[in-house]
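Let's take one helix and ask how each label on it is earned. Here is the structure to look at.

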Amino acid sequence: MMEMKVLGCALLFPLQIFLCLLRAIVRFFTRQKRRDLGTDVVLITGGGRGIGRHLAKEFAKQGARKVILWGRTEKCLKETCEEISMTGTECHYFVCDVGNREEVYQQAKVLREKVGDVTILVNNAAVVHGKSLMDSDDDALLKTQHINTLGQFWTTKAFLPRMLELCNGHVVCINSILSLSSIPGAIDYCTSKASSYAFMESLTLGLLDCPGVGCTTVLPFHTDTEMFQGMRVRFPKLFPPLNPEMVAERNVEAVKTNTAFVVLPWTMHFLVILKSLLPQSALEEIHKFS
């Protein structure tokens with residue numbers, strides 16, 4: 001009896017995969033039901049500048065009820081908060097280093113008491129030092145891992161339980177295409193983003209049976225922000241940096257449609273495929289070319 005059951009599952013498996021592909025194709029060409037942000041409280045880490053700032057403006061533009069900013073620099077947080085408030089959206093900011101576990105838990109408690117329950121958590125905070133392993137300071141390496149990777153553990157542990165209770169929530173990670181295709185000279189950043197990607201992939205699968213709670217991981221190419229001002233590519237017209245406003249728009253759209261993974265631009269999918277198929281020598285030539 002058990003053998004027949006196993007055989008039946010094995011025979012149904014290809015059909016299930018085909019149906020998943022078919023549903024994905026239909027979803028791509030049809031308008032999906034979108035989440036109404038009108039009741040959502042959105043928390044954005046690293047929300048004072050760069051992509052975080054554009055995300056705050058986009059969530060406010062799309063009708064979020066409240067926007068909360070976390071970051072380490074009060075001046076930037078205050079400026080962004082004032083800009084959001086002028087649009088008519090309620091906005092608050094809290095100085096918080098997501099790499100500090102105790103600080104995250106403390107500020108999460110304060111936030112709940114002053115503002116309410118967070119229903120959309122956007123893990124955007126990140127740092128990059130842009131050095132090789134041997135040129136990197138040990139403390140700088142630890143800082144990157146604490147903020148880019150472990151910070152997501154602490155923020156998600158702080159807010160996900162209440163989302164599960166409410167059956168209403170979304171966890172977002174602003175990652176990087178470098179999590180899937182690393183480059184030299186930014187070993188701390190690539191490592192932290194690869195760990196972050198694994199975290200989100202595991203979390204996404206773990207929440208499959210949790211109604212009302214979803215995940216989105218955004219993997220953009222080089223984005224034109226202050227963080228990557230020193231980055232150069234050989235052919236900038238072939239590989240132009242992404243506009244941060246566009247990245248923010250696609251991120252909010254992915255949340256509204258409950259899209260699990262978004263690669264920007266879509267052509268980066270080819271890079272991931274090539275990495276899986278080509279020999280190492282060919283990948284080295286691609287790196288030299290770009």
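Buried means under 20% relative accessible area, exposed means over 50%, and partly exposed is in between (1.4 Å probe, protein chains only). This is a predicted model, where local features need pLDDT of at least 70 and side-chain atom pairs count only at pLDDT 80 or more, while totals for chains, interfaces and linings use all residues. Residues are numbered from 1 along each chain as its sequence is written, and side-chain values use heavy atoms, with hydrogens and water left out.

Q: Which residues of helix 4 are called buried?
A: Val104, Gln107, Ala108, Val110 and Leu111. They cover an arc of only 170 degrees around the axis (taken from the directions from the helix axis to the C-beta atoms), so they sit on the same side of helix 4.

Q: What makes residues three or four places apart point the same way?
A: An α-helix has 3.6 residues a turn, so that spacing brings them round to the same direction.

Q: Which residues are exposed on the other side of helix 4?
A: Glu102 and Glu113.

Q: What covers the buried residues of helix 4?
A: The cover includes strand 1 (41-45), strand 2 (66-71), strand 3 (90-95) and helix 5 (138-166), with contact meaning heavy atoms within 4.5 Å. Helices (H or I, at least four residues) and strands (E, at least two) are DSSP runs, numbered from the N terminus.

Q: Why does the span of helix 4 agree with its 14 residues?
A: The expected span is 1.5 Å times one less than the number of residues. For residues 101-114 that should be 20 Å, and the end C-alpha atoms are 20 Å apart, so the two agree.

Q: What follows helix 4?
A: Gly116, with a positive phi near 125 degrees.
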